[in-house]
Every structure is written in structure tokens, then in C-alpha cells.
Amino acid sequence: MANDEASFALTLMTTRQTILPKRLFAPGPSVAQVNDMFRAAAAAPDHGGVMPWRFVLVPGDKRAALAGVFAQALIERDAAATPEQVSQAREKAFRSPFVALAIARLGPCEPDVEPLERMVSVGAALQNFLLAAHSMGFGSSLTSGQAMRSKVLRSLFRLTEGEQAVCCINVGTADRRKPARLRPDVAAFVSSL
Ligand SMILES: Cc1cc2nc3c(=O)[nH]c(=O)nc-3n(C[C@H](O)[C@H](O)[C@H](O)COP(=O)(O)O)c2cc1C
């Protein structure tokens with residue numbers, strides 16, 4: 001890799017930042033751009049080649065179904081949730097032009113790769129996706145919350161026994177840039193034997 005390409009990649013990685021869905025607007029990525037983001041995801045290290053991830057797109061005409069899941073999951077874990085809280089939960093499903101659910105495949109697999117290692121792969125796939133979106137000028141974020149573990153979500157996305165919903169991936173055009181977040185010093189997390 002040439003020096004200027006390495007420098008571009010480093011800048012890309014160090015300038016990515018979370019842009020939450022409420023700040024992501026149209027235009028969203030095209031079908032071809034989304035395909036490239038998933039190609040980047042598929043370039044993640046994957047011990048044993050077990051593909052421990054899958055992604056489910058949530059297009060505009062399915063956002064109401066996702067909203068229903070967010071509302072139902074809230075009511076199930078908090079029967080005292082107010083109508084306003086339920087409506088806020090529903091509203092979250094309609095933000096961001098692009099939404100997909102990231103799912104980790106952690107059940108038995110061949111070859112038998114530790115679930116911990118498979119989660120590392122899922123994280124790497126997600127990061128590659130976010131970096132690809134960032135390289136195209138889009139804002140992006142990952143959002144999770146307790147709904148990820150709910151039965152209603154598992155049912156809507158037809159999760160099988162070994163699968164776990166990790167988070168939503170949101171991509172769109174950011175209304176404005178945030179100030180850069182202070183990153184930890186390398187010395188704070190690297191030592192030598
Ligand atoms: C699996 C996963 C789920 C996340 N879910 C949320 C979320 O529900 N809400 C949120 O504000 N941020 C969520 N985040 C984003 C982190 O909060 C964010 O990365 C962190 O605040 C650092 O910001 P940065 O990405 O700009 O460095 C999630 C991150 C990961 C890895």
C-alpha cells in the first residue's frame with residue numbers, strides 16, 4: 001500500500017464518529033453503495049470462515065413493523081410505560097434513511113469456533129461497514145437497547161436459537177458534524193511484557 005493510501009485509511013479510521021439516527025437524513029446510500037458497505041463487512045477476519053453474522057434490511061415499508069416491536073418490547077418490560085414513552089419508542093424506528101439489523105450467529109458451528117471469537121468477527125464486520133459508509137461521506141451509528149433481546153424482535157426477524165440481535169446499523173446524511181471525541185491515549189491501553 002502506498003504511503004498516501006495508508007495515510008487516507010488512517011485518517012478515515014480516526015475521523016469516524018457516531019452520528020445518532022435522529023441526526024441522519026435523506027439522501028441515504030444507494031443500493032450499490034449499500035452493497036459496497038456489505039462487501040467491506042465481509043472482509044472482516046473470520047476464523048474458520050463460519051460467517052458468524054447476518055444482516056436484515058428494514059426498508060421504509062417495514063419501519064411500522066419495527067416500530068411495533070420497539071413499542072411492544074417496552075410495554076413487556078415496563079407495564080407502567082406512559083403513552084408518551086411508547087410513542088417515543090415507536091418513533092425511533094422511523095429515523096435514518098438506511099436501517100439494518102446486525103445478527104450474530106453464535107450457535108453450534110463447524111468448525112467449532114468459540115462464540116467470543118465469532119463476536120470479534122461480528123464487531124470487525126460492523127466496523128468495516130461503518131468505515132465504508134464514512135468513506136462515502138455518510139454519517140452512521142450502531143444502536144441497540146433492550147428491545148434487541150425481546151421475543152417480539154426475535155420473532156419479526158425470524159432469529160433461530162443460536163442467533164442474537166446485536167444492534168441496528170443506521171446510515172444517512174448527517175445534518176452537521178459533531179466535535180471530534182477525545183480518544184484514549186495509546187499508553188492507556190498498551191503495555192509490554
Ligand atoms: C454494539 C453497539 C451498540 C451501540 N448502541 C448504542 C445505542 O443504543 N445508543 C447510543 O447512543 N450509542 C450506541 N452505540 C455507540 C456508542 O455509544 C459509541 O460508539 C460511543 O458513544 C463512542 O462514540 P464514537 O462512535 O463517535 O466514537 C453502540 C455501539 C456498539 C458497538
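Which residues are around the ligand? Here is a short note to help you find your way to them and beyond.

1. Before you start. Please keep in mind that this is a predicted model, in which local features need pLDDT of at least 70, side-chain atom pairs count only at pLDDT 80 or more, and totals for chains, interfaces and linings use all residues. Residues are numbered from 1 along each chain as its sequence is written.

2. The ligand shell. Around the ligand you will find Gln17, Thr18, Leu20, Leu142, Thr143, Ser144, Gly145, Val166, Cys167 and Arg181. A residue belongs here if its C-beta atom, placed from the backbone, lies within 6 Å of the molecule. Two elements, β4 (139-143) and β5 (163-174), each give two or more residues to this shell. Helices (H or I, at least four residues) and strands (E, at least two) are DSSP runs, numbered from the N terminus. By character, the shell has four nonpolar residues, five polar and one charged. In this scheme Ala, Val, Leu, Ile, Met, Phe, Trp, Tyr, Cys and Pro are nonpolar, Asp, Glu, Lys and Arg are charged, and the others, Gly among them, are polar.

3. Strand β5 and its partners. Strands count as paired if DSSP finds at least two bridges between them. β5 pairs antiparallel with β4 over five bridges, and Ser141 has Asn170 in β5 as its bridge partner. Strand β1 (residues 24-25) is joined to β5 by two bridges, also antiparallel; there, Leu24 is partnered by Ala174.

4. Strand β3. Eight bridges link β3 with β5 in an antiparallel arrangement, with Arg105 opposite Glu163 of β5. Strand β2 (residues 53-57) pairs with β3 as well, antiparallel over five bridges, and Leu57 faces Ala100 of β3. Why is β3 (residues 98-105) described as largely enclosed by the rest of the structure? Because seven of its eight residues are buried. Buried means that 20 or more other C-beta atoms lie within 10 Å of a residue's own, exposed means 12 or fewer, and partly exposed is in between, with C-beta atoms placed from the backbone.

5. Helices α2 and α5. The axes of α2 (residues 31-41) and α5 (residues 115-135) come within 7 Å and cross at roughly 145 degrees. Axes are lines fitted to C-alpha atoms, for helices over the stretch in contact, and angles run from 0 to 180 degrees between N-to-C directions. The crossing is right-handed, meaning that the near helix is turned clockwise from the far one by less than a right angle (anticlockwise would be left-handed). Asp36, Met37, Phe38, Ala40 and Ala41 of α2 meet residues of α5 including Phe129 and Leu131; contact requires C-beta atoms, placed from the backbone, within 7 Å. The residues of this contact are nine nonpolar, one polar and one charged.

6. Helices α3 and α4. Here too the crossing is right-handed, and the axes of α3 (residues 63-77) and α4 (residues 83-91) come within 7 Å at roughly 145 degrees. Ala67, Phe70, Ala71, Leu74 and Ile75 from α3 touch Gln85, Val86, Ala89 and Arg90 from α4. Seven of these residues are nonpolar, one is polar and one is charged.

7. A closer look at Gly123. This residue sits in helix α5. Gly123 counts as partly exposed because it has 16 C-beta neighbours inside 10 Å.

How values were computed. Two residues are in contact if their C-beta atoms, placed from the backbone, lie within 7 Å.
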